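Welcome, and please get your viewer ready. We will go from stop to stop, with something to select at each one.

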Amino acid sequence: MTHTAAAVAAAIADRLAHPDQAPAAVIADDNRQHLAYGPTGIALLHIERAAAGLAPWQRAHDWLAAAARGPFTSGPDSHPFYGAPALAHAMACAADQLPDSYQRGLEVLDRQVTADARRRLDAAHRRIGAGQLPALAEFDAIRGLTGYGAYLLRRDPAGPVTRAVHDGERLPGWWVPTGPSGRPDERFPGGHANHGMAHGVGAVLTLLALATRCGTTAPGHHQAMRTILAWLERWKVPTGRGAAWPYWITREELRSGRPAASAPRRPSWCYGTAGLARAQQLAALALGDSDLQVEAEAALLDALSDRAQLRATTDSGLCHGFAGLVHIAARAAADADRATAGQLRAAIPALLTVLVPPGSAPGDAAALLLKDSAGAGLLDGAAGTALGLLAADSTDPPRTAWDACLLTA
């Protein structure tokens, strides 16, 4: 099955070999600057394959060139998945592999991203000083400081702005006065605490853990991790072999001290138990907490095999679909002990049967994935699914840091 997965990934890459072959939506004005839906996300697939010796670098160059044809947004209207920071992430993945390429453009982008992060930090400090609650977009991985921190941790791990983003005493609290959309929502009177990797405290925990493992810490750093871990311990819901977490906690649940009963939810990267379990595994590794690591890996194994949770998963992509589960399983297996790593990798073939039905030809499977309503992009579309399929084909980690934007490693 893994060989079939690699062949389907190759077929998707071949169908997206050049921007001229892509669906029009990918390079439309609304998507051109977007990492999730546009050329920069598709470039990541070709950068990863070229770095692994599976395809020519020209494909990656063509997609990066397509992304950079027009001006890129910076400042308040940009964020880690849109505008200059999105292009910087893709370009840095290529430059890591080709040290003589992209340096001049990347230097300009690095200065812009650092300046934008500094402005956002200043705004966050003013908000904290005024005693106000944060917006999700202030601190999350997609639009906020956690996403900026992930990029800066790669590019300038010892820099002052990087350390400021990771400063444990100044990290914003994660209770927001809105609904999960970031807008006022009558279903969330009094706001909520978001647990997700895309928009919540799961990403904050992961960033702190990754920074610790890189040797970049600030006062209160470990205590901040312990505070988040204690919160997640408080709200976990026991399942068969492990635990699951609600996507968020409302004010009513906070007052009652227990989450409301709900049907099993998909164990996705963006909100579900798989993403949170990976976050806690990374925190356990950073803190040297073997008990926490065992619990986190048990929760992940349960999420990957629990039929009730998997039935709630209906998408293919990285964000909230099966490709994301495959990728998380592979990343977690690489950090687990031998026995647990074997169990995690043993869970992957069953997940792959959803993405690549048994007996299907690679080209046919690729065509179906590209016809999916989610499109060709990174987060929900076929390019991201192909990157997940590459993870299934090897016990080695990705050659590039393409998934740093997801904070899975």
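Where does Ser268 lie, and between which two helices? Select Ser268 and you will find yourself in the loop that runs between helix H11 (251-256) and helix H12 (273-287). Keep in mind throughout that this is a predicted model.

**Stop 1: around Ser268**

Ser268 has a relative accessible area of 1%, so Ser268 is buried. Now show its surroundings. Leaving out residues up to four places away in sequence, Ser268 touches Thr273, Ala274 and Gly275, and also Cys319, His320 and Leu325. Keep Thr273 and Ala274 highlighted, as both return at the next stop.

**Stop 2: H12 against H13**

Select H12 together with helix H13 (residues 290-305). Their axes come within 8 Å and cross at roughly 160 degrees. Angles over 145 degrees count as roughly antiparallel, and H12 and H13 are therefore roughly antiparallel to each other. The crossing in which H12 passes H13 is left-handed.

Show side chains next. On the H12 side, the residues to pick are Thr273, Ala274, Ala277, Gln280, Gln281, Ala284 and Leu285. They meet Leu292, Gln293, Ala296, Glu297, Ala299, Leu300 and Ala303 in H13. Coloured by class, this contact of H12 with H13 has nine nonpolar, four polar and one charged residues.

**Stop 3: a sheet of three strands**

Switch to a cartoon view and look for the open sheet of three strands, ordered S1-S2-S5 with antiparallel pairing. Strand S1 (175-176) and strand S5 (248-250) are at the edges. Each of these has a single partner strand, so one side of each is left without a neighbour in the sheet.

Now pick strand S2 (residues 192-194) and S5, which pair in the antiparallel sense over three bridges. Which residue in S5 is the bridge partner of Asn194? Select Trp248 to see that partner.

**Stop 4: H3 against H4**

Move on to helix H3 (residues 57-67) and helix H4 (residues 84-97). The two pack at an angle of about 155 degrees, and their axes are 11 Å apart. H3 and H4 are therefore roughly antiparallel to each other, and their crossing is left-handed.

To see the contact, select Trp57, Leu64 and Ala67 of H3 along with Leu87, Ala90, Met91, Ala94 and Gln97 of H4. By class, the contact of H3 with H4 has seven nonpolar, one polar and no charged residues.

**Stop 5: H4 against H7**

Keep H4 on screen and add helix H7 (residues 145-155). Are H4 and H7 roughly parallel or roughly antiparallel? They pack at an angle of about 30 degrees, with axes 11 Å apart. That makes H4 roughly parallel to H7. The crossing of H4 and H7 is left-handed.

From H4, choose Pro85, Ala88, His89, Ala92, Cys93 and Asp96. These meet Tyr148, Tyr151, Arg154 and Arg155 in H7. By class, the contact of H4 with H7 has six nonpolar, one polar and three charged residues.

**Stop 6: Tyr102**

Follow the chain onward from H4 to Tyr102, which sits in the loop between H4 and helix H5 (103-129). Check its backbone: phi of Tyr102 is near 70 degrees, a positive value in a residue other than glycine. Tyr102 has a relative accessibility of 22% and so counts as partly exposed.

**Stop 7: the segment after H19**

Two residues are worth selecting here. Arg399 has its place in the segment after helix H19 (382-392). Its relative accessible area is 47%, so Arg399 is partly exposed. Apart from neighbours within four places in sequence, Arg399 is in contact with Glu48, Ala51, Ala52 and Gln97. You have met Gln97 already, among the H4 residues that contact H3.

Try a distance from Arg399 to Leu325, the residue that touched Ser268 at the start. Arg399 and Leu325 are 74 residues apart in sequence and 19 Å apart in space, C-alpha to C-alpha.

Finish at Leu407, which also lies in the segment after H19. Is Leu407 buried or exposed? With a relative accessibility of 0%, Leu407 counts as buried. Leu407 has a positive phi of about 55 degrees, although it is not a glycine.

How values were computed
Residues numbered from 1 in each chain as written. Predicted model: local features only at pLDDT ≥ 70, side-chain atom pairs only at ≥ 80, totals over all residues. Heavy atoms only, no water. Helix = DSSP H or I, 4+ residues; strand = E, 2+ residues; numbered from the N terminus. Buried < 20%, exposed > 50% of the residue type's maximum accessible area, 1.4 Å probe, protein only. Contact = heavy atoms within 4.5 Å. Axes fitted to C-alpha atoms, helices over the stretch in contact; angles between N-to-C directions. Parallel < 35°, antiparallel > 145°, perpendicular 65-115°, else oblique. Left-handed = near helix turned anticlockwise from the far one by under 90°. Nonpolar A, V, L, I, M, F, W, Y, C, P; charged D, E, K, R; others polar. Pairing = 2+ DSSP bridges.
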